[in-house]
Amino acid sequence: MSKINSYDFLFNSSFSRFVGNPHQKLISSSQELSNFISANNGINPCFVTLNSFTQQYTIARTVFNDFDAEFNLTCNKCGTKIKESSTPFCFCGNRSSFTPEDQYSRLQKVYEKIRQAQQLYRAYQEYNITPVAHFTAYKGCHVFPLFKPEMVTDSTLITNLFYYFIEQAKTYSVQEVKDVEGKTTKLKVPYQDTVVSSDLRRLCRIPGTQRIENKLYCTAIPDFLSYEPEEIYVMAKNPHPSIEVPEPKTKMSEFEFTPVDVTKFRPNNTSSSVI
């Protein structure tokens, strides 16, 4: 029995699925996925859903853990720092003149996100759950715990699993907020994106494909805990071989991995965000 890797996880699965960049299109075979990658890799972003779909159900196969660094811009008009975006806007009215963070500061934020992703990866392993990890080659990492495909009609079980392991891995910071009466409350703020976790149609960048903006490669990282963040970043600089998408002839049961029992994680297992 062979050990599962990211490509087995992505390609040895049922169809129909969605691809996109970012407009989504439904595909029904591995050949269509291969055609999509060939037509877009190095030219346009390449994304695919992790889950599969029928007319009535989503066949959920993981929970999406997205660790993304937040980069800032400095307004050249008033000096205010704002979140980097494709259409930046400062409250002083400036829309066109900004200075990005220096490369060193950006890299340190990315390295920190990789370390946070490794915390979660380690927590899954401690629960005897097999995870896979991808470096997105820009702001951070994706971590996916594998489980046997489950027919679901809503995202409740997935959300429960997501928050349960935030607590187990302690992938959160504690921040104090004050209400209108001045009362202070301490909140747990997850390191990973909480919006995408329950999005069963969330698109995942395909490892091995090249990003347009920096020419780095989205990279699957086997033995994720064996590498320092700096080493992972170097991997993304190296050219990746062409991606060949085989027909999914191998059953997932023939791979060596320990899946999650998603029914185990109920709402009363999930810790509150309030300390």
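In this predicted model, H134 has its place in strand β11, which covers residues 131-135. With a relative accessibility of 0%, H134 falls under the 20% limit and therefore counts as buried. The strand around H134 shares this setting, because five of the five residues of β11 are buried and the strand is largely enclosed by the rest of the structure. Both of its faces are covered: P131, A133 and F135 are buried on one side, while V132 and H134 are buried on the other.

Two strands pair with β11. One partner is β12 (140-145), which runs antiparallel to β11 and is joined to it over five bridges; within this pairing, H134 stands opposite H142. The two strands form a hairpin with four residues between them, and there A137 takes a positive phi near 70 degrees. The other partner is β17, made of residues 219-220, which is also antiparallel to β11 and is held by two bridges, with A220 standing opposite H134. Beyond its neighbours within four places in sequence, H134 has contacts that include H142 and A220, and among the others are S6, L10, C141, F144, C204, R205 and P207.

One of these contacts of H134, C141, leads to the cysteines of the model. The structure holds zero disulfides, a disulfide being a covalent bond between the sulfur atoms of two cysteines. For C141, the nearest cysteine sulfur belongs to C218 and lies 9.3 Å away, and for C46 the nearest is again that of C218, at 10.0 Å. Since its relative accessibility is 0%, C141 counts as buried, and C46, at 1%, counts as buried too.

Strand β12 also takes part in the surroundings of helix α4, whose buried residues pack against β12 as well as β6 (58-60), β7 (65-68), α3 (103-126), β14 and β15. Helix α4 runs from residue 156 to residue 169, and its 14 residues reach 20 Å from the first C-alpha to the last, close to the 20 Å expected at 1.5 Å a residue. Its buried residues are I158, N160, L161, F162, Y164, F165, I166, E167 and A169. Just after the helix, K170 takes a positive phi of about 55 degrees.

Two of the elements packed against α4, namely β14 and β15, are themselves paired: β14 (residues 172-178) and β15 (residues 184-190) run in the antiparallel sense over seven bridges. Within this pairing, E176 has K186 in β15 as its bridge partner. The two strands form a hairpin with five residues between them, and in its turn G182 has a positive phi of about 85 degrees.

Elsewhere, three strands make up an open sheet in the order β9-β8-β10, with antiparallel pairing. Its edge strands, β9 (81-83) and β10 (98-100), each pair on one side only, and neighbouring strands of the sheet are turned by 35 degrees against each other on average, direction ignored. Strand β8, residues 72-75, is joined to β10 by three bridges, and C75 stands opposite F98 in β10.

How far the model can be relied on is a matter of its confidence scores. The mean pLDDT of the protein is 84, and 85% of its residues reach 70 or more. Over residues 267-271, however, pLDDT stays under 50, and for this stretch the model has eight contacts beyond four places in sequence.

Note on methods: Residues numbered from 1 in each chain as written. Predicted model: local features only at pLDDT ≥ 70, side-chain atom pairs only at ≥ 80, totals over all residues. Heavy atoms only, no water. Pairing = 2+ DSSP bridges. Axes fitted to C-alpha atoms, helices over the stretch in contact; angles between N-to-C directions. Buried < 20%, exposed > 50% of the residue type's maximum accessible area, 1.4 Å probe, protein only. Contact = heavy atoms within 4.5 Å. pLDDT = per-residue confidence, 0-100. Disulfide = S-S within 2.5 Å. Expected span 1.5 Å × (residues − 1).
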